[in-house]
Amino acid sequence: MNKRWRTIVQNEWRSLLRGKWMFSYALIFLTLTDLMLRFGHSGPEVLLSLSNVMLLFVPLVGMIYGTLYIYQSREFIELLLTQPVDRRSIYWGLFLGISTPLMAAFAVGGGLPLLWHGLLWSEPQAAFMVLGLGAILTLVFAAIGFYTGLWFYDDRIKGFGITMVVWLFLAILYDGLILLLIAMLGNFPVDRLILGITLLNPVDLARILVLLEFDISALMGYTGAIFREFFGSKTGVLVSFGMLMVWVVLPVRLGLRQFEWRDF
């Protein structure tokens with residue numbers, strides 16, 4: 001990491017800490033997780049509930065914040081572009097400056113109650129998987145939000161509209177479309193098709209890994225059997241994590257390309 005890039009990241013961290021927004025984000029997960037552990041049931045059930053909240057809330061916050069940052073920091077970004085700093089360094093400094101605090105806020109907010117209630121020691125694999133998947137989804141959706149804000153740099157309404165549509169589609173509607181497809185093509189072998197479609201959605205990939213970790217994929221019926229057969233194997237787990245990494249790299253690279261080409 002060069003000095004200019006590191007300076008931008010540090011500046012973004014200081015700005016976020018002064019605004020106390022990240023503290024509020026972390027506090028939400030800390031309070032929610034602690035309450036579930038105090039008044040909920042067993043540790044695995046709490047981790048499953050936390051993962052369900054994470055799968056909806058983390059992508060939404062990541063996308064909104066990534067897009068919002070571009071619109072609120074236009075003057076700062078344009079000021080940086082007048083300095084003798086290459087655009088690639090500016091982009092990486094800005095992106096890491098907003099995505100890493102989001103990751104840290106989720107990890108600290110969700111992790112501290114797991115630590116002092118002992119779940120990090122009694123259910124280490126499940127706990128670290130939930131926290132790790134939340135961190136990965138933060139990177140993915142912050143990058144998508146960043147890219148959306150750059151793409152619709154001059155049209156805030158359209159940018160926020162696209163952001164909400166993408167989140168709604170990937171986090172909520174996507175599973176319904178898969179079930180509809182299975183119902184329509186029930187007489188045909190669609191196993192590989194369903195697997196391929198699932199790999200195209202980072203939220204679904206994270207959800208499947210959580211379901212397999214807690215051994216409740218049987219509740220998903222036919223789709224659960226397909227996912228357990230493939231994703232339950234070592235190859236399936238490696239492929240799913242590999243696709244999550246692709247989902248991190250792809251929007252980041254698209255955002256970098258847009259940032260380098262855009263005429264600010």
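Within helix 10, the residues Pro202, Val203, Asp204, Leu205, Ala206, Arg207, Ile208, Leu209, Val210, Leu211 and Leu212 are buried, where buried means under 20% relative accessible area, exposed means over 50%, and partly exposed lies in between (1.4 Å probe, protein chains only). Helices here are DSSP runs of H or I with at least four residues, numbered from the N terminus. The model is a predicted one, in which local features need pLDDT of at least 70 and side-chain atom pairs count only at pLDDT 80 or more, while totals for chains, interfaces and linings use all residues. Residues are numbered from 1 along each chain as its sequence is written, and side-chain values use heavy atoms, with hydrogens and water left out.

Helix 10 is thus a mostly covered element, with eleven of its twelve residues buried. Its geometry can be checked simply: the expected span is 1.5 Å times one less than the number of residues. For residues 202-213 this gives 16 Å, and the end C-alpha atoms are 17 Å apart, which agrees. At the N-terminal end, Asn201 acts as the cap of helix 10, with a side-chain oxygen 3.0 Å from the backbone nitrogen of Val203.

Turning to helix 2 (residues 21-39), this element holds Asp34. Asp34 counts as buried because its relative accessibility is 12%. The side chains of Asp34 and Arg38 are joined by a polar contact of 2.6 Å (a pair of N or O atoms within 3.5 Å; within protein, one must be able to donate a hydrogen and the other to accept it, and residues adjacent in sequence count only if both atoms are side-chain atoms). Setting aside residues up to four places away in sequence, Asp34 also touches Pro113, Trp116 and His117, contact being defined as heavy atoms within 4.5 Å.

Pro44 belongs to helix 3 (residues 43-72). With a relative accessible area of 31%, Pro44 is partly exposed. Beyond its neighbours within four places in sequence, Pro44 is in contact with Glu123 and Phe214. Pro44 and Lys20 are 24 residues apart along the chain, and their C-alpha atoms are separated by 31 Å.

On the surface, Leu56, Leu168, Phe169, Ile172, Leu173, Leu177, Leu180 and Met184 make a nonpolar patch of about 720 Å². Helix 8 (residues 156-184) gives the most to this patch, contributing seven residues. Leu177 is found in helix 8, and its relative accessibility of 44% makes Leu177 partly exposed.

Key
Helix = DSSP H or I, 4+ residues; strand = E, 2+ residues; numbered from the N terminus. Patch = residues over 30% accessible without salt bridge, like charges linked within 9 Å, V, L, I, M, F, W, Y side chains within 5 Å. Areas by Shrake-Rupley, 256 points an atom, 1.4 Å probe, with all protein chains shown as cover. Salt bridge = Lys/Arg side-chain N within 4 Å of Asp/Glu carboxyl O.
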